[in-house]
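I opened this notebook to keep track of what I looked up in one structure. The entries are short and follow the order in which I checked things.

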Amino acid sequence: MTDRLALHRLATAACFGALALGLTACSTFSGAARIDSALKIGPPRTIEAALAGDGDPASAPSAAPERTATLIAAAPADTATDASPQSAEPVAASSAPDESLAQARETTTDVQPEAYDPWERWNTTTFDFNRRLDKYVLKPVAKGYNFVVPDEVQIMMANGFDNISFVPRVINNLLQGKVKGAGREVARFLINSTAGVGGLFDPAKDVFGVLKSREDFGQTLCVYGMEPGRYVIVPFLEPLTIRDGIGKAVDSLMDPLSYFLPLIWDRLAMKVGDIVNERSLNLDLFQGFEESVVDMYSAVRHAYLQRRERLCRE
């Protein structure tokens, strides 16, 4: 009888020991999983700086440091008094896990659009077509154009095209409630159209410090809650999402050139001239980007989606 009672006690103690060991192991694994996921979230953001060469403040690379989730364990409580940690430093450290996980969740939101590419097969095929078109047609034409036309004239042409297209930026600023941005665009147009010789020069920025605001209808749709939709690449066009494609179509309807140049061939000639001029101004940028990336499709997709996501948040 005594042996049986001792055996029951030993079995009970073994069960409690196994339960405690299991709970400890689960807690350790859970903590390790949280730390591992927090540290691995977010790809490097070095491609975006190469693509966002449009000169506006919103497209400049962010100066914020890289988000790294550093989890700091709080000091255990004093076992003698069962009180909180004695020094102020561990108390401050105890809030670090919540803050780091919040940053990790924010980073996850930033990169989530990149993974949503259900049309990747179509997109990669069209992307390769556009690259060949650029390599064998647009780039040689831009090189010849760059050889004939001085850089100063090219910059003047770019300023002129940009000055003409101020109407969509004004309207989209107003639709987004950015009254100051709309005022800046009107001021820039008036200054550059007069003192800038029809917009060929940019004294609004160079002399008066009035910077451009690149607001488009795609950003307006984002402000009103429309999701970006699927990422898509169309022949002869830059990367888009469904939302940005709708925005581009609406912006083209607000373009003053569509009223001053009612014939489609005239507008097409102006657009081709703008594209060739812009490609010529960015020959070195594109060349450096092509030589520095291995997977061009993924790099362009990542840079585009990250930039559009950031512009929508601003």
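The entries below go through a single buried residue, a helix pair, the salt bridges and one loop glycine.

Entry 1, the model. I noted at the start that this is a predicted model.

Entry 2, N130. I looked up where N130 sits and found N130 in helix 5, which covers residues 120-148. Is N130 buried or exposed? I found N130 buried, because its relative accessible area is 16% and the cut-off for buried is under 20%. I then listed the contacts of N130, leaving aside neighbours within four places in sequence. The residues in contact with N130 are I233, V234, P235, F236 and L237.

Entry 3, helix 6 and helix 13. For a packed helix pair I look up two values, because two packed helices are described by the angle between their axes and the distance between the axes. Helix 6 spans residues 151-164 and helix 13 spans residues 264-281. Their packing angle is about 135°, and the axes are 10 Å apart. I therefore wrote the two helices down as oblique to each other. The crossing of helix 6 past helix 13 is left-handed. Which residues make the contact? On the side of helix 6 I listed Q154, I155, M157, A158 and F161. On the side of helix 13 I listed M270, G273, D274, N277, S280 and L281. Sorted by class, this contact has 6 nonpolar, 4 polar and 1 charged residues.

Entry 4, salt bridges. How many salt bridges does a search of the whole structure find? The search finds 12. I looked up three of these pairs in detail.

Entry 5, D162 and R214. D162 and R214 form a salt bridge, with 3.9 Å between the closest N and O atoms. D162 is in helix 6, while R214 is in the loop between helix 9 (203-206) and helix 10 (217-223), so the pair ties together parts 52 residues apart in sequence. I checked exposure for both residues. D162 is buried at a relative accessible area of 15%, whereas R214 is partly exposed at 26%.

Entry 6, K178 and E215. The side chains of K178 and E215 form a salt bridge, 3.3 Å from N to O. This pair links distant parts of the chain, 37 residues apart. K178 belongs to the loop between helix 7 (166-175) and helix 8 (179-194), and E215 to the loop between helix 9 and helix 10. I noted K178 as partly exposed, with a relative accessible area of 24%. E215 is buried, with a value of 12%.

Entry 7, R308 and D216. A salt bridge joins the side chains of R308 and D216, at 3.0 Å from N to O. R308 lies in helix 15 (residues 296-313) and D216 lies in the loop between helix 9 and helix 10, so the pair ties together parts 92 residues apart in sequence. I found R308 buried, with a relative accessible area of 10%. I also noted one network, in which salt bridges with shared partners join D162, R169, E185, K212 and R214.

Entry 8, G209. Where does G209 lie? I found G209 in the loop between helix 9 and helix 10. G209 is partly exposed, with a relative accessible area of 47%. I also looked up G209 against R188, which is 21 residues away along the chain. Their C-alpha atoms are separated by 9.8 Å.

Technical notes: Residues are numbered from 1 along each chain as its sequence is written. This is a predicted model: local features need pLDDT of at least 70, side-chain atom pairs count only at pLDDT 80 or more; totals for chains, interfaces and linings use all residues. Side-chain values use heavy atoms; hydrogens and water are left out. Helices (H or I, at least four residues) and strands (E, at least two) are DSSP runs, numbered from the N terminus. Buried means under 20% relative accessible area, exposed over 50%, partly exposed in between (1.4 Å probe, protein chains only). Contact means heavy atoms within 4.5 Å. Axes are lines fitted to C-alpha atoms, for helices over the stretch in contact, and angles run from 0 to 180 degrees between N-to-C directions. Angles under 35 degrees count as roughly parallel, over 145 as roughly antiparallel, 65 to 115 as roughly perpendicular and the rest as oblique. A crossing is left-handed if the near helix is turned anticlockwise from the far one by less than a right angle, and right-handed if clockwise. Ala, Val, Leu, Ile, Met, Phe, Trp, Tyr, Cys and Pro count as nonpolar, Asp, Glu, Lys and Arg as charged, and the others, Gly among them, as polar.
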